[in-house]
Amino acid sequence: MASATRPLAPHRASADLGRPFRWLWASTAASNAGDGITRTLLPLLVVARHPDPAAVAGLTTVNMLPWLLFALPAGVLADRVDRRRIVLVSNVVRGAALLGAALVLATDRPLPLLYALAFLLGVAETLADTAAPAMLPRLVEARHLERANGRLSAAQILLNEMVGPPVAGLLAGLTAAAALATGGTLYALAALLLLGLAPLAGTRPAPAPPGARAGVLRDIRQGLRFVLGHRTLRRTLAASALYGLVFSATFSMLVLLSERTLRLGETGYGLLLAAGSVGAVAGSWLAPRAADRLPTVRLARWSLAGSGAAYVILGLVRRPELTALALAVNGVFMMGWNIPVMSLRQRLTPEDLQGRVMSVSRLCSWGSMPVGATLGGLLAAALTVPAVFVVCGGVLVLGALLLLARLHDEPPAPAAPAAPLPSSEPDDKG
């Protein structure tokens with residue numbers, strides 16, 4: 001079945017997504033580098049002065065709490081306000097918070113201040129990560145969304161997961177102030193780069209009819225009704241929630257699989273994580289190319305099932321090199337799910353609901369992770385650590401086939417009227 005969302009066309013590896021997208025990509029790269037540094041640094045700062053597992057767990061909790069508290073209101077805000085401005089202000093807030101922390105926390109690091117910093121960063125991240133994906137359909141053509149999401153995902157994985165953590169470790173070995181200031185500078189750079197979008201793309205949603213913005217709760221209900229009433233969106237969001245459960249359950253047990261089952265040390269565990277990241281980078285390159293040749297839903301369905309099969313293999317093999325290979329393959333399949341399904345949601349959602357649909361998407365996928373981590377621990381206690389991977393992988397395969405079996409690609413939502421973007425004009429390579 002040919003994709004109904006866009007005509008299939010030969011892939012162009014050098015396709016130019018336009019100058020507005022390049023500004024967004026550069027800003028996203030800088031902010032993801034800041035994410036990679038701060039997410040590694042804050043636990044190190046807590047452990048250095050408060051070496052208590054409960055203190056470290058509390059840091060993660062307060063950092064993720066804004067997603068549970070503010071995800072849906074953030075979607076409403078992204079549909080009411082210029083999305084570019086939301087991301088810009090969020091980066092300014094994160095930059096200012098970290099630069100201020102470099103001064104305040106340089107010598108003394110009381111736990112309440114570290115928690116407050118983590119919570120503030122979490123609030124800003126919730127706003128930015130809701131508004132940014134909702135902004136993308138205004139910057140690139142619908143048929144190029146997979147390619148655009150793939151390039152953004154590659155930057156996120158490389159800088160957030162592969163470059164940021166070791167840089168944070170090196171900087172923390174010098175001074176905490178230097179590490180905090182570096183993260184703050186990267187967020188400030190992300191905000192500065194986003195200013196390049198101002199004259200290039202009007203990302204403010206089209207004005208809503210009178211009375212359509214009566215209140216936040218009403219807007220939230222409108223977004224939920226749209227998602228729950230749309231069969232494709234409803235089922236892919238259910239699959240995302242299932243994937244969040246499986247991912248967090250298995251990832252929480254990966255360190256135990258590495259140490260107890262495979263008898264690897266810290267270096268070996270780091271190499272396993274690197275193998276997964278390399279696979280994800282490869283997947284961010286392969287997924288848009290596969291989307292040029294396969295219907296979006298079919299690609300997403302079999303990628304999700306393939307990821308489940310990779311988890312089953314992780315629970316069955318006992319050789320480190322096979323485990324690393326399975327993690328790399330899982331990374332490819334993970335991007336084969338994430339990129340097409342994100343692009344599908346962006347295409348199927350009307351412009352004035354983009355923010356709310358993205359917020360529901362993040363709430364489903366990330367909100368399920370704390371539950372998944374708990375289930376992983378319970379399963380490991382009741383069975384074994386490898387059994388967690390086999391059971392969760394099998395559930396994911398079954399869920400992918402059941403939830404997505406009868407879905408087909410649909411025509412995109414009608415485009416909102418907007419002035420032509422400069423990216424459609426000849427580029428001066430500036």
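Where in the chain does R263 lie? In this predicted model, R263 is found in the loop between helix 8 and helix 9, the latter covering residues 266–291. Although R263 is not a glycine, its phi is positive, at about 60 degrees. R263 also counts as exposed, because its relative accessibility is 68% and the cut-off for that word is over 50%.

From this loop we can step back to the whole chain. Its secondary structure comes to 14 helices and zero strands, and half of the picture concerns the inside, since buried residues make up 50% of the 430 residues. If we take the contacts between residues at least 6 apart in sequence, 88% of them join residues at least 24 apart. The structure holds zero disulfides. Two cysteines may still be looked at one by one: C364 counts as partly exposed because its relative accessibility is 24%, whereas C392 is buried, with a relative accessible area of 8%.

C392 leads us to helix 14, which runs over residues 385–404 and has C392 among its buried residues. The 20 residues of helix 14, at 1.5 Å a residue, should span 28 Å, and the end C-alpha atoms are 29 Å apart, so the two values agree. Besides C392, the buried residues of helix 14 include V385, F389, L396 and L404. What covers these buried residues includes helix 8 (231–261), helix 10 (296–316), helix 11 (320–348) and helix 13 (369–382).

Helix 6 can be read in a similar manner. It has 19 residues, from 176 to 194, which should span 27 Å at 1.5 Å a residue, and this agrees with the 28 Å between its end C-alpha atoms. Among its buried residues are A176, A179, L180, G183, G184, Y187, A190, A191 and L194. An α-helix has 3.6 residues a turn, so residues three or four places apart point the same way, and the reader may keep this in mind when looking along the helix. The cover over the buried residues of helix 6 includes helix 1 (19–49), helix 3 (83–104), helix 4 (111–135) and helix 5 (145–174).

One residue of helix 1 shows such a contact in detail. T38 is found in helix 1 and is buried, with a relative accessible area of 6%. Leaving aside residues up to four places away in sequence, T38 touches P43, L98 and Y187, and Y187 is one of the buried residues of helix 6.

How do helix 4 and helix 12 cross? The axes of helix 4 and helix 12 (residues 354–367) come within 8 Å and cross at roughly 125 degrees, and the two helices are therefore oblique to each other. Their crossing is right-handed. On the side of helix 4 the contact is made by D129, T130, P133 and A134, while helix 12 contributes Q354, G355, M358, S359, R362 and W366.

S359 gives us a last link, this time to V76, which has its place in helix 2 (residues 53–80). V76 and S359 are 283 residues apart in sequence, yet their C-alpha atoms are 8.5 Å apart in space. V76 counts as buried because its relative accessibility is 3%, and the cut-off for buried is under 20%. When residues up to four places away in sequence are not counted, V76 touches V216, D219, I220 and R356.

Note on methods. Residues numbered from 1 in each chain as written. Predicted model: local features only at pLDDT ≥ 70, side-chain atom pairs only at ≥ 80, totals over all residues. Heavy atoms only, no water. Helix = DSSP H or I, 4+ residues; strand = E, 2+ residues; numbered from the N terminus. Buried < 20%, exposed > 50% of the residue type's maximum accessible area, 1.4 Å probe, protein only. Contact = heavy atoms within 4.5 Å. Disulfide = S-S within 2.5 Å. Expected span 1.5 Å × (residues − 1). Axes fitted to C-alpha atoms, helices over the stretch in contact; angles between N-to-C directions. Parallel < 35°, antiparallel > 145°, perpendicular 65-115°, else oblique. Left-handed = near helix turned anticlockwise from the far one by under 90°.
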